[in-house]
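Me: Please take one part of this structure and go through it closely. I would like to see how it connects to the rest of the chain, in plain terms.

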Amino acid sequence: MMDMSRFPSFRLDGKVALVTGGSKGIGLAMACALGLHGANVVIASRNADDLKKVTEDMNHQGLNFSWIQADVTDKESVHYMFDKIIEQHGRLDILVNNAGMNIRKPLIEVEEEDWDRVLNTNLKGIFLVGQAAAKQMMKQRSGKIINISSILGGIGMPFQTSYAASKGGINQLTKVWASELSPYNINVNAIAPAYIKTPMTCAWLQDEERYKEIVRNTMMNRIGELEDVAGPVVFLASDASNYITGHILYVDGGWTAK
Ligand code: NDP
């Protein structure tokens with residue numbers, strides 16, 4: 001007879017999760033998904049009012065949320081965030097390394113300042129937060145790190161010079177960290193979405209021709225919704241993915257398989 005007790009659970013009860021950029025968009029959707037599966041979720045971003053509002057809303061809906069104001073590009077701020085998390089929760093089980101931004105411009109118009117802003121947020125931020133999480137998780141000898149990449153980390157598209165460079169870097173960091181941290185029972189994976197409707201993409205998606213073109217690129221004939229990222233993040237945060245590391249999970253309606 002099959003021993004069902006050996007089968008892992010998707011539940012996250014008692015786990016402490018940090019979601020950077022958890023105040024809106026994909027980060028907030030992922031934070032909700034983790035909370036719905038029982039995790040204590042800490043959301044972090046720069047705008048305290050947004051964080052406070054979201055936390056009150058989630059707590060009102062029965063989820064266990066708290067917030068910390070932090071800028072992922074600032075080492076001091078990242079260290080303060082980790083000190084607070086350990087002070088309040090004593091551990092960190094799940095990191096969703098999500099905070100990010102984009103400045104879309106043709107290559108010849110990209111200013112040095114644009115490049116620095118995108119790379120500082122999307123790549124240096126991922127590094128600073130990931131490094132601090134790894135230090136804690138190595139002590140615990142357990143943890144799940146989920147870096148939020150993009151299909152643009154793997155495919156070419158116009159006007160994405162700095163963004164694509166940052167996301168390609170995230171894919172590579174994911175593999176390097178997976179190889180370094182697996183002896184400590186830490187899984188490191190990435191989620192690479194295609195276009196999802198969020199505050200970051202809403203203006204870009206307003207162009208009807210562009211919208212249609214994006215839809216045509218997917219096999220599933222639609223743009224991604226926030227709910228589409230919920231299952232993948234819960235899976236990678238839970239024991240159900242214990243034998244998966246260094247993986248880039250595309251959440252793209254089949255775009256990159258075409
Ligand atoms: P949003 O702009 O909707 O949300 C971005 C979040 O990151 C906000 O909470 C923002 O809060 C926070 N943030 C930005 N900069 C910093 C910073 N320096 N320090 C801390 N927090 C910061 O973006 P999305 O939800 O669309 O994107 C989230 C992630 O998903 C990004 O990494 C993005 O590249 C990726 N992605 C998005 C896709 C999409 O189609 N939407 C597709 C593929 C990947 P605040 O400004 O208050 O700090």
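Reply: Start at Ala194, which is buried, because 22 other C-beta atoms lie within 10 Å of its own and 20 are enough to count as buried. All of this is read from a predicted model. Ala194 sits in the loop between strand E6 (186-193) and helix H6 (208-217). Leaving out residues up to four places away in sequence, Ala194 touches Ile151, Thr218, Gly224, Asp252, Gly253 and Trp255. Trp67 is 127 residues away from Ala194 along the chain, and the two C-alpha atoms are separated by 28 Å.

Trp67 falls within the range of strand E3 (residues 65-69), and E3 leads to the part worth a close look, strand E2: five bridges join E2 to E3, and the two run parallel. One pairing in detail is Ser45, which stands opposite Gln69 in E3. Between these strands comes helix H2 (residues 48-60), and E2, H2 and E3 together make a right-handed β-α-β unit.

E2 also pairs with strand E1 (residues 16-20), again through five bridges and again parallel. Here Thr20 has Ala44 of E2 as its bridge partner. To get from E1 to E2 the chain passes through helix H1 (residues 25-36), and this β-α-β crossover is right-handed as well.

How enclosed is E2 itself? Six of the six residues of E2 (residues 40-45) are buried, so the strand is largely enclosed by the rest of the structure. In a regular strand, side chains alternate between the two faces of the sheet. On one side of E2 are Asn40, Val42 and Ala44, on the other Val41, Ile43 and Ser45, and all of these are buried, so both faces are covered.

Ile43 belongs to a wider group. Nonpolar side chains tend to be buried together in soluble globular proteins. Here the largest nonpolar core has 71 residues, and Ala17, Met30, Leu34, Ile43 and Val233 have the most contacts inside it. Setting aside neighbours within four places in sequence, Val233 is in contact with Met30, Ala33, Leu34, Val96, Ile146 and Ile191.

H1, the helix between E1 and E2, also takes part in the surroundings of the ligand. It supplies three residues, the largest share of that shell. Of the 30 residues around the ligand, Gly21, Gly25, Arg46, Gly100 and Met200 come nearest. By class, the shell has 11 nonpolar, 15 polar and four charged residues.

Methods. Residues numbered from 1 in each chain as written. Predicted model: local features only at pLDDT ≥ 70, side-chain atom pairs only at ≥ 80, totals over all residues. Buried ≥ 20, exposed ≤ 12 C-beta atoms within 10 Å, placed from the backbone. Helix = DSSP H or I, 4+ residues; strand = E, 2+ residues; numbered from the N terminus. Pairing = 2+ DSSP bridges. Right-handed = clockwise from strand over helix to strand, strands pointing away. Near = placed C-beta within 6 Å. Nonpolar A, V, L, I, M, F, W, Y, C, P; charged D, E, K, R; others polar. Core = buried A, V, L, I, M, F, W, Y, C linked by C-beta atoms within 7 Å. Contact = placed C-beta atoms within 7 Å.
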